Amino acid sequence: MDLVPSCKDKLAYFRIKELKDVLTQLGLSKQGKKQDLVERILGALSNEQVAKMWAKRAPVGKEDVAKLVDDIYRKMQVSGATELASKGEGVSDSSNVKVKGEIDDPFKSVMKVRCLCGSSLETENIIRCEDRRCQVWQHIGYVIIPEKPMEGNPQVPDLFYCEICRLSRADPFWLTIAHPLYPVKLAITSIPTDGTNPMQSVEKTFQIARADKDLLTKQDYDVQAWCMLMNAKVPFRMQWPQYADLQVNGVSVRAINRPGSQLLGANGRDDGPIITPCTKYGINKISLTGCDARVFCFGVRIVKRRTLHQILNMIPKETDGERFEDALARVCRCIGGGTAVDNGDSDSDLEVVADFFGVNLRCPMSGSRMKMARRFKPCVHMGCFDLEVFVEMNQRSRKWQCPHLSEELHVGEYYN
Ligand SMILES: [Zn+2]
Ligand SMILES: [Zn+2]
Ligand SMILES: [Zn+2]
């Protein structure tokens, strides 16, 4: 009787995990794509002398291979039922959009609405900031900006951060102390008929209280003007409009360190200029104009400069980091080749399974051997970087992103 067709049918249900189980028991290599693993098992079935390749092992006949496949197939059918049952529970509700009629969490009785529009009215179309300490609500229609203005209702993001929480994550060297001017949007003042970018501007006043002024006499406290693109692809960075012109109490302040036509400064970042010398106790006037078609928000904050030592102290200690079991599971996922949540279900035909993995002990930023190998908590890969090198280099570049992957995948979660 030919065992191949019936085994082939069963193997079609096998995930990489089961295929590897069979190959382990046969003492065969587990390397290659999923299809390679299947073919290796089928090869063992059509070969009378499987055992000859593996002389040290007891001889294995093709009947034994078929029985092994059958056993695992049966086990899968039994466990399949329980797996499906357990999957139904623990469905997380990650939605941060308020659904009409939804019962609010009774422990969160006060709903704080702080929106760029200036209104604190609770409406139906509102979205909550993801930051646990903030949880402020904002009006979707005002803060979510569509990629293309003509495309109607914009896509509401899965993870939403308000401007203040985005700003506080842009550069850990600045600690926000107060917001003399809460974020406001720039308004379009004129649209040229020749198709060039519209002019936009905002003019506001902000107050420096007596207590603030006392703080500002200290060396590490400053007043900073800041600006961010509303629908930025990289949410945690500052960005000023093209041809930004900033005035504080009638004094021109250089907002950007780049030609006005360029979109961003060095390292894909703009900075927030320190305006302390132009401010005074009491009421201050500030204005910003730019020539840009995109939507920006703008504000003034009092900041305290952190030292390198303070930054290093903010990074979670090893005991507060990933639990050993979680780290082990992550490494297993990496070795399994997938980045899926549950590798048991990972079943990509393209996934490459390998027996050996090299882990580089050199820091990707300095090229030297790592002294304090660290990684970002949400990263799924195994590569690390040297912590001190990372902090020192980012003090200058302000990118604060994992050196292993592209910008969009890493959202500056350096201290979360
Ligand atoms: Zn609003
Ligand atoms: Zn927030
Ligand atoms: Zn990473």
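Where does UniProt place the feature "domain: SAP"? The unreviewed entry puts this domain at residues 11-45. In the predicted model, the chain over residues 11-45 is 69% helix and 6% strand. The end C-alpha atoms of this stretch are 12 Å apart.

A zinc ion (ligand 2) is held by four cysteine sulfurs: Cys129 (SG), Cys134 (SG), Cys162 (SG) and Cys165 (SG). These protein donors lie 2.3 Å from the ion. Along the chain, the donors follow the spacing C-x4-C-x27-C-x2-C. The site of the zinc ion (ligand 2) is tetrahedral, and the angles among its 4 donor atoms run from 105 to 119 degrees. For four tetrahedral donors, the ideal angle at a metal is 109.5 degrees.

Two of the donors come from separate elements. Cys129 sits in the loop between strand 2 (126-128) and strand 3 (137-139), while Cys165 belongs to helix 6 (residues 163-168), so this pair ties together parts that are 36 residues apart in sequence. Both Cys129 and Cys165 are buried.

Further along the chain is a sheet. This open sheet has 5 strands in the order 5-6-10-8-9, and the pairing is antiparallel. Strand 5 (187-190) and strand 9 (251-253) form the edges. Each has a single partner strand, so one side of each is left without a neighbour in the sheet. From one strand to the next, the twist averages 30 degrees.

At one of these edges, strand 5 pairs with strand 6 (residues 199-208) in the antiparallel sense. The two strands share 3 bridges. Here Ile188 stands opposite Gln200 in strand 6.

Technical notes
Residues numbered from 1 in each chain as written. Chains lettered and ligands numbered in written order. Predicted model: local features only at pLDDT ≥ 70, side-chain atom pairs only at ≥ 80, totals over all residues. Heavy atoms only, no water. UniProt positions renumbered as here; feature names shortened; annotations may be inferred. Helix = DSSP H or I, 4+ residues; strand = E, 2+ residues; numbered from the N terminus. Donors = N, O, S within 2.8 Å, 3.2 Å for Na, K, Ca; no water. Tetrahedral: all angles 85-135°; square planar, octahedral: opposite > 155°, others 65-115°. Buried < 20%, exposed > 50% of the residue type's maximum accessible area, 1.4 Å probe, protein only. Pairing = 2+ DSSP bridges. Axes fitted to C-alpha atoms, helices over the stretch in contact; angles between N-to-C directions.
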